[in-house]
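Thanks, everyone, for making time for this. I would like to walk you through a structure that most of you have not seen before, so please have a look at it first.

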Amino acid sequence: MPMLDPQKIWQGALGELELILSKANFTTWFKNTFIIEINLEKEEIIIAVPNAFTKSWMEQKYNKHILEALNNVCKSKIANIFYKIQSVKKFQQAAAADSAASLAGVNAKIALNTENNGYFQETSNPFGLNPRYIFKNFVVGLNNQLSYSASVAVANEPGVRYNPLFLYGEVGLGKTHLLHAIGHAALERFPKANVLCISFEQFTNDFVAAARKGAFDDFRKFYRSADLLLVDDVQFMIDKEKTQEEFFHTFEFLHKGNRQLVITSDRPPKALVELQDRMISRFEWGMIADIKKPDLETRTAILESKCRERNFTLNHDIINYIAENIKNSIRELEGALNKIIAWYDLSQLAPTIASTKEILTSLMVDPGKKPLNHERILEIVAEFYNLALDDLTGSCRRRQIVVPRQIVMYLMRMELQYSYPTIGQYLGDRDHTTVMYACQKISEMIEEEERIRQEVENIRQRLRG
Ligand code: ADP
Ligand code: MG
C-alpha cells in the first residue's frame, strides 16, 4: 500500500474541483479546507472546513463532486466524507506538534483535536452543541426554575408555545448551558430537525464573511433553514447596526414560519436600550425568563452534582465551605472545584477544610489578574499599538492615534458599559457626542474592515486573558 499524504491528495482533488466550479465558488468555499483524516478501511475521509456555513454548503451542494474528485485521486474507494469545523491555525499547530510521524501507513492521520470547548467554530459535533450542556446535568434551584421549565417546554414543543424564549442573567449563571440543553433535547425528540446553535458573535462573523464574498444568498439560506435557532449573547448586537438589521430579518422569517427561536442575553430586552425598538419588541413577544444568582442550597447541590460527575468525593463540610465562600457565579464555583480536585489529585492528600481554605484563598486573590477597568483598557490598547498613554488621552489627530483612541472608547462602552459622558472624562474630558461618534465609528469599522475587527478581537482577548 503506497503512503498517503492527505494534503497531496487534497491538492489533487482541489485541482479537479477547480476545473468544474466557477472561480468565485471555488475560492469562496474551498479556501481554508484540508483533510484531517483518511481511513481507507472505513472508506472515510474527514475534511476540515472553517465554519458551519461552509460545512452545510459542502454537505448539501458539493459532496458528490468532492467524492468523485477524491476517488479519482486516491484510486481507491471512498464512500463517505465527513466535514468537521476546524480552523487552519489549529490544524497547523497540531500538525507541527505531530510532525511527520503520523503520515505513514494506511491511516494517514493527522493529529485530531477533538476536544470540545463549547465554541461553535471549534466543536466537532454537529449543530454547535456542547455535549456537556444537557438538562440532566443542570441543577434546578429557585434561581433558575422559571428559565429551566420554559426551556424544557420549548424543547418539547418547539415553535408552539414560547416564541421566542428569551433567557437572561449575569455571566456564568447557566444561560449557555440551558441554550445547548434545549438543542440536545429537541434533537432527541425530533432527530431530523435542523438545529443551529451560534453565538451572536458567530452570526456577525458569518455575516461579515458573507459580505466580503458577496454571498448573502448563501448566508440567508443557511440561517433561514433552521427549525430551531439558538442564539447566545445577543447583547453583542449593540453597536452592530448592519448585523442587527440582518438578524432582525432572519428572526422575522423564522418566526413567521413557526420556527423556534431561543435567545440569551446578559440583560433583559428593555435594557438593551441601544437596539432598535422593533428588535426589542420582538424579543418581548414570547417568554422572558431570568436566571438569578444561586442561593446557598443550590450552590451546594451544584457542587455535589459536579463531584458526582467527576467521580470525586468531598465531604459535606468541605462542600459547604466552598459553597459559602463562592457566591457570584456558577462558573466560578465550578472553577474553584476544578482547582480543588486537581490539587488533591496531584498531592494525593485527603481533602480537609484547612487545606481547602488555603486553596480557595490563593484563588480569591489572584495577584496575576488585574481587574478590568478603564485604566486597564487604556493600558492594553496603548501597549497593543505601541503608544503612550498620553497619546490616547491627548489631542493629536493623526489616524494612527485617533483610531486606537476610538477603540478605547468603544471598549469602555462595550466591556464596562460606562456612560458616554464618563468615558469622555476618562479620555481627557472629551464631549459625550465625541464618544458616541467614536463607538459608532468603530462598530462600523468592525463590520467593514477585517483588520480592525481582528485587532479589536485581539485586544479583547488580552483584556480577558
Ligand atoms: P453563562 O452562559 O450564563 O455565562 P454558562 O452556561 O456558561 O453561563 O455556565 C457556566 C458554567 O456553569 C458551565 O460550565 C455550566 O455547565 C455551569 N452551570 C451553570 N448553571 C448550572 C446549573 N444550574 N447546574 C449545573 N451546572 C451549571
Ligand atoms: Mg454564556
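I will begin with the chain as a whole, then turn to the ligand, and after that to some helices and loops.

Please keep in mind throughout that this is a predicted model, and that the values I quote are computed from it. The protein chain has 465 residues, of which 50% are buried, and its secondary structure comes to 20 helices and 8 strands. If we take the contacts between residues at least 6 apart in sequence, 72% of them join residues at least 24 apart. The surface that the protein chain exposes is about 22,800 Å², with carbon and sulfur atoms supplying 51% of that area.

Let me move to the ligand. Which residues come nearest to ligand 1? There are 18 residues around ligand 1, and those that come nearest are Gly172, Thr176, His177, Arg331 and Glu334. By character, the residues of this shell divide into 6 nonpolar, 6 polar and 6 charged. Looking at individual atoms, a nitrogen atom of ligand 1 sits 2.8 Å from a polar backbone atom of valine 139, while an oxygen atom of the ligand is 3.2 Å from a polar backbone atom of leucine 173. Threonine 176 takes part through its side chain, where a polar atom lies 2.7 Å from an oxygen atom of ligand 1. Taken alone, ligand 1 exposes 560 Å², and the protein buries 97% of that. Two elements give two or more residues to the shell around ligand 1, namely helix H6, residues 175-189, and helix H13, residues 330-347.

Valine 139, whose backbone we have just met beside the ligand, leads us to serine 305, which is found in helix H11, residues 296-310. Although serine 305 and valine 139 are 166 residues apart in sequence, their C-alpha atoms are 7.6 Å apart in space. Leaving aside neighbours within four places in sequence, serine 305 is in contact with Asn137 and Val139. Is serine 305 buried or exposed? Its relative accessible area is 11%, and the cut-off for buried is under 20%, so serine 305 counts as buried.

Next comes helix H9, residues 241-256, where we can check the length. At 1.5 Å a residue, its 16 residues should span 22 Å, and the end C-alpha atoms are indeed 22 Å apart, so the two agree. Among the buried residues of H9 are Phe247, Phe248, Phe251 and Leu254, together with Glu246 and Glu252. What do the buried residues of H9 pack against? Their partners are helices H7, H8, H10 and H19, along with strands S6 and S7.

Lysine 242 also lies in helix H9, but with a relative accessible area of 43% this residue is partly exposed. Setting aside its neighbours within four places in sequence, lysine 242 is in contact with Phe207, Glu447 and Glu448. Its side chain makes a polar contact with the side chain of glutamate 448 at 2.3 Å, and the C-alpha atoms of lysine 242 and glutamate 447, which are 205 residues apart along the chain, are separated by 7.8 Å.

On either side of H9 the backbone deserves a look. Aspartate 239, in the loop between S6 and H9, has a positive phi of about 75 degrees although it is not a glycine, and with a relative accessible area of 15% this aspartate is buried. Just after H9, asparagine 258 takes a positive phi of about 55 degrees.

A few local details elsewhere will finish the tour. Glutamate 43, in the loop between S1 and strand S2, likewise has a positive phi, of about 60 degrees, without being a glycine. Asparagine 39, in strand S1, counts as buried at 8% relative accessibility, and its side chain reaches the backbone nitrogen of glutamate 41 at 3.2 Å. At the start of H12, a side-chain oxygen of asparagine 315 comes to within 3.0 Å of the backbone nitrogen of aspartate 317. Finally, a cis peptide bond joins asparagine 163 and proline 164, with omega about 0 degrees, and proline 164 lies in the loop between helix H5 and strand S4.

Terms used
Residues numbered from 1 in each chain as written. Chains lettered and ligands numbered in written order. Predicted model: local features only at pLDDT ≥ 70, side-chain atom pairs only at ≥ 80, totals over all residues. Heavy atoms only, no water. Polar contact = N/O pair within 3.5 Å; in protein donor to acceptor, adjacent residues only side chain to side chain. Helix = DSSP H or I, 4+ residues; strand = E, 2+ residues; numbered from the N terminus. Near = heavy atom within 4 Å. Areas by Shrake-Rupley, 256 points an atom, 1.4 Å probe, with all protein chains shown as cover. Nonpolar A, V, L, I, M, F, W, Y, C, P; charged D, E, K, R; others polar. Buried < 20%, exposed > 50% of the residue type's maximum accessible area, 1.4 Å probe, protein only. Contact = heavy atoms within 4.5 Å. Expected span 1.5 Å × (residues − 1).
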